[in-house]
Amino acid sequence: MSNEKPVRRRSSSNGNAKPEGPSSSLAREYQPYIDAEWGFINHWYPALFSHELEEDEVEGIQIAGRQIVLRRVDGKVFALKDQCIHRGVRLSAQPMCFNKRTISCWYHGFTYNLKSGNLDTIVGNPDDPLINTTGLTTYPVEEAGGIIFVFVREDDFPDEDVPPLSHDLPIRFPESSERFPHPLWPAAPSLLDDDVVTLGIHRTGEANWRIACENGFDNAHILIHKDNTIVQANNWVLPLGIRPASDDCITPIEDEDGPKGLMQWLFTDRWEPILENKELDVKVEGINSRLYRTSVILPGVLLVENWPEENIAQIEWYVPITDDTYEYWEVLVKHCPTEQDKKDFEYRFDTVYQPLALRGFNDCDLHAREAMHDYYADGSGWYNEQLVDTDVSAITWRKLASRHHRGIATPPPGVQGREKASSIRLRSVSEGRSPGYFVEKIDDLNNHNSATVRGRKR
Amino acid sequence: MPTARCHFSDGQVFDVQADPGEAFLDAALRAGAPIRYQCRSGSCLSCACRSSAEGGLCMRPGVASSLLPGEIADGRRLSCVGQLLADDELHFDYASNDSGPAKVSAFVDNIEWMADDAVRLRVELAEGDWLDFKPGQYVRIGIPGSEETRSYSMSTTPAALPMLEFMIRVLDQGVMSDYLRQRAQVDDVLTLTGPYGGFRWDGDRQSPQLFIAGGTGLSPIASILEQIRATSGRKPPMTLSFGCATADNLFATDYLQLLAQWVPSLDVKISVQDGTREGALSGTPLDAVDFEALAPDTRAYLCGPPGMIQAAAERLRAAGIPGDQIYQEQFTPSDEGGEGGAAPCP
């Protein structure tokens, strides 16, 4: 035989290729969670505040490795995969829309139907046989409580299987009040309530989304907040730590037809607040109680009831952008039945909550997440970490997330942040723009030095 | 109408009659010729072939294409912007059936004794080799130092390629059993031929799915369960009933418990026939199934020893499950000396 070829090992052969399924001797109870470096897919995520997408505006973002372009037409928001099928260009980099039905790629004019994603025409090639035979993935959109939510899905996720938005949002009160009584504070408002007002911010954090998410409901992490201004100014009693004191300190939330996650019974006898460490002579000196409770729901949304003040709830998302960046959402929700209530809430948000809570208090969390990221960045941290009893919260979450996620995101080729050191990325960084959530838009076609990110010029 | 005879590299031939006025590719696809294509407009070169007859398949006049003038003079043509003016013989330099059996080499990566008579064998395809398959299918493995082959179903899915795994029952005697017990080492080279077999998930995501696996019959079923786990969208309600003869034979229980934890719609039952094991039921995998309670649209997947499959199929039919909803993969073909993890239905 003349075509006999030598048999060689694959050059890419490596011992760390993760064997799938039965082989995985490393398989821990939450291996799927460990695999979800780029996040969980086929879930609802917040994409933009409603006010960030005006009528006829186009914006580009990235969630779980999926580039997404959004356009608002006649008030309604449409979302498509932001990667032209032709040569992979991001439509959002230079939005081109000739009518209210479509968006065109500014490079070669491939024109997609906003509603169906269908390739309706090609600007300079209207008779091409490719037209009407293919298109872009569409992402279902819902707007609630002043936030645009997008169902970020795999290309073949069936329309009929898209769950309601409420399945990926925190549990609601008072409908859950009997199941999770809260005698010490009023029922937490929900994004889906009628007269609710949502105020908040979102910004990009540099860490894996799981590190960020676990920080949010880690009952030992509150030590980092000991010296925060809002705590000291209010003389709050924020314990040094809160340790589990009972086997029912956490209740999994696994209803067939609803959100999946967990509730922590904080400030009941199931958790023990630690106010003093005699060995170190450290004591919490505050005198005003600041009771709160945390629950977390897939794909990673935190509800902090009764925080930062009565009648308010703080909701957070840690939306994966890449495997080392996430969009950190912090919103406060409050019932404001009258215009005056709304004005008062906005005033207090601007003067107190935003500077002292969402920034001051939670900036501390950004520091802490960054500090943890490198340890987990190559994946080994998940196997080397030394856990203690307060980590019951994180581990329960990892197990529930492994069970109830709707898919593990893998980075599709050709997206921002998959290649960590591309020349374009390096240029952006050298010009002072961190890798982020929003697309870099071409501001002036006649001037190459004109990229903008949400209006921030280069 | 002129006819073009399309030859593929595997010797397959398709006769295509085409009207000179139409795109040849359209006529060829209509005739079932598996020509590769993408742009359908003369630019991507996917549908290129070589014409043998002057004046046969010609490039449509006035249509631009990516073929260079010299290539056209050389007989190269594009099916999508070609028109068939006279009979021709066309040659395509790829096989007509990409998923047909291939013969490839693979290196042994790991040999794990899962139980006293069961091994999990992990291999990696050699450089330049590839083997596509559907979860549930099997390959013939050539045993080093022997002319013989044995058939085994993959327990992993194509997503794990170039890695493949097999759950293999080791007998007291047999070429594969002797090899695994006495000689097998990491970095050994095995020859794999395949894939074969029609045992596979039918893709139904609405109806309840019942999987019954005896011993290493778990292998193709594990592959199918992993496939369903990775499927986009709602998962069907599933039951896996897995059993081994004795407690010492039992394997993969940790994995199955994890799988049940990770797939909320999967219920796993583990049985041993003789002896007891914590967390396992006593009896056969059939004993663990309540056949009377099965929904009439249940899909059943059976893999294991012939006796088990036969009994399961009878119980299913008696419970009103139509035969076309029962999929089976029979074990231990007679020509393999009692070895082999899978074989086509008799």
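This passage describes a sheet in chain A, the helices that pack on it, the contact with chain B, and a few backbone features. The model is a predicted one.

A good place to start is the open sheet of chain A, in which seven strands follow the order 10-22-21-20-19-14-13 with antiparallel pairing. Strand 10 (196-205) and strand 13 (250-254) of chain A form the edges; each has a single partner strand, so one side of each lacks a neighbour in the sheet. Direction ignored, neighbouring strands are turned against each other by 15 degrees on average. Within this sheet, strand 20 (residues 301-305) and strand 21 (residues 312-320) of chain A pair through five bridges in the antiparallel sense, and A:V301 has A:W317 in strand 21 as its bridge partner.

Two helices of chain A pack on the sheet. Helix 2 of chain A touches strand 10, strand 19 (293-297), strand 20, strand 21 and strand 22 (326-335), and its direction makes about 160 degrees with that of strand 21 of chain A. Helix 6 of chain A touches strand 13, strand 14 (260-264) and strand 19, with about 160 degrees between its direction and that of strand 14 of chain A.

Helix 2 (residues 209-216) of chain A also meets helix 4 (residues 339-377) of chain A, their axes coming within 9 Å and crossing at roughly 135 degrees. Helix 2 of chain A is therefore oblique to helix 4 of chain A, and the crossing is right-handed. From helix 2 of chain A, the residues involved are A:I211, A:A212 and A:N215, which meet A:D365, A:A368, A:R369, A:M372, A:H373 and A:Y376 of helix 4. By class, this contact comprises five nonpolar, two polar and two charged residues.

Turning to the two chains together, 28 residues of chain A are in contact with 30 residues of chain B. On the chain A side, helix 6 (residues 392-404) gives the most, with three residues. That side has ten nonpolar, eight polar and ten charged residues.

Some backbone details also deserve a look. Most residues other than glycine have a negative phi, and most peptide bonds are trans. A cis peptide bond joins A:L298 and A:P299, with omega about 5 degrees; A:P299 sits in the loop between strand 19 and strand 20 of chain A. In chain B, B:L161 and B:P162 are likewise joined by a cis peptide bond, with omega about 10 degrees. Positive phi values occur at A:D56, near 70 degrees, and at A:D74, about 50 degrees. A:D56 counts as exposed because it has 12 C-beta neighbours inside 10 Å, and A:D74 counts as exposed with 7.

Key
Residues are numbered from 1 along each chain as its sequence is written. Chains are lettered from A and ligands numbered from 1 in the order in which they are written. This is a predicted model: local features need pLDDT of at least 70, side-chain atom pairs count only at pLDDT 80 or more; totals for chains, interfaces and linings use all residues. Axes are lines fitted to C-alpha atoms, for helices over the stretch in contact, and angles run from 0 to 180 degrees between N-to-C directions. Helices (H or I, at least four residues) and strands (E, at least two) are DSSP runs, numbered from the N terminus. Angles under 35 degrees count as roughly parallel, over 145 as roughly antiparallel, 65 to 115 as roughly perpendicular and the rest as oblique. A crossing is left-handed if the near helix is turned anticlockwise from the far one by less than a right angle, and right-handed if clockwise. Two residues are in contact if their C-beta atoms, placed from the backbone, lie within 7 Å. Ala, Val, Leu, Ile, Met, Phe, Trp, Tyr, Cys and Pro count as nonpolar, Asp, Glu, Lys and Arg as charged, and the others, Gly among them, as polar. Two strands pair if DSSP finds at least two bridges between them. A residue is buried if 20 or more other C-beta atoms lie within 10 Å of its own, exposed if 12 or fewer, and partly exposed in between; C-beta atoms are placed from the backbone.
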